Amino acid sequence: MNSERFEALIDAILAIILTIIVLEIPMAVDGSWNALFEVRFDFIIYALSFLVIFNYWNYNNNLFSIVNKVNREVIWLTAISLFILSLLPYLTIFVAENFNSFIAHAAYGLDFVSTAIISILISNALKNSDRGNIALQVALKDNKSLYCMLALMLVGFIIGYFLYPPAITLFCLISIPLLWIIDKFRFR
C-alpha cells in the first residue's frame, strides 16, 4: 500500500482526538482571574496532551516522509497506537480532575509507555515491509530515542509512586523534547 493515503488517515484521526480534547476543557465560571486559576490543571493537562499528539504527528510525519510502502502489520500496529492515543481525551480529564492521584497520572503515563512500545514495534515492522529502502533502514537502525523515552518515563513512575504523582506526567512531558533532540538528525 502507498503510504500517502495512510498518512492522511493518521492526520485525520489525530485531528479528531485534538478536537475532542479541546471540547472537554471546562469554561471558567466567570471572567475573573480566580475562575481561570481554578481550571489551571485542565489547561496544563490539555497543553501536555496537545504536545503528545503533536509529537506523535511530527514523528510519524518525519518517518513516513521516507517510507515508500506499508504492509498490514504496519497498518494494524499503527491502528492500535492510534486507539491508545484516542484514550487521551478521557485521560486528560481524569488527570485534570484528580491532579494529585497516582492512579490518574499512572493511567496517563501508561498511555505514553504503550505508545512508545508500539512505536518500536512499528519501526521494526516498517523495516521489514520496505527492506529495499536504504534511507528508511538507516533512519530506523535503532530505537535509541524511544528507549530513552521509556527509561525516563520509568523514572517518572518511580518518583510518582513514592513521592509526587504528577512526576509521572512531568517526566512524560520531558521525554518529548528528548525524542526531538535525539531524532533531530535521524530523518534528514
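In the predicted model, tyrosine 161 and phenylalanine 162 are both exposed. The rings of tyrosine 161 and phenylalanine 162 nevertheless form a pair, with centres 5.0 Å apart. The planes of these two rings stand at 85 degrees, so the arrangement is classed as edge-to-face.

Across the whole structure, the search returned 8 aromatic pairs. A stacked arrangement is found for phenylalanine 41 and phenylalanine 99, where the centre-to-centre distance is 4.0 Å and the planes differ by 15 degrees. This pair connects distant parts of the chain, the two residues being 58 residues apart. Phenylalanine 41 belongs to helix H3 (residues 40-64), whereas phenylalanine 99 lies in the loop between helix H5 (88-97) and helix H6 (102-129). The two partners fall into separate accessibility classes: phenylalanine 41 has a relative accessibility of 24% and therefore counts as partly exposed, while phenylalanine 99, at 14%, counts as buried. The cut-off for the buried class is under 20% relative accessible area.

Phenylalanine 41 is also in contact with a charged side chain. Arginine 40 lies over the face of the phenylalanine 41 ring, at 4.3 Å from the ring centre. The charged end of arginine 40 is likewise placed over the ring of phenylalanine 37, with a distance of 3.9 Å to the centre of that ring. Arginine 40 thus sits over the rings of both phenylalanine 37 and phenylalanine 41.

Aromatic pairing also extends beyond isolated couples of residues. Tyr46, Phe50, Phe54 and Trp57 are joined by ring pairs into a cluster.

Note on methods: Residues are numbered from 1 along each chain as its sequence is written. This is a predicted model: local features need pLDDT of at least 70, side-chain atom pairs count only at pLDDT 80 or more; totals for chains, interfaces and linings use all residues. Side-chain values use heavy atoms; hydrogens and water are left out. Rings of Phe, Tyr and Trp (its six-membered ring) pair if their centres lie within 6.5 Å; planes under 30 degrees apart count as stacked, over 60 as edge-to-face and the rest as tilted. Helices (H or I, at least four residues) and strands (E, at least two) are DSSP runs, numbered from the N terminus. Buried means under 20% relative accessible area, exposed over 50%, partly exposed in between (1.4 Å probe, protein chains only). A charge sits over a ring if NZ of Lys or CZ of Arg is within 6 Å of the ring centre and within 35 degrees of the ring normal.
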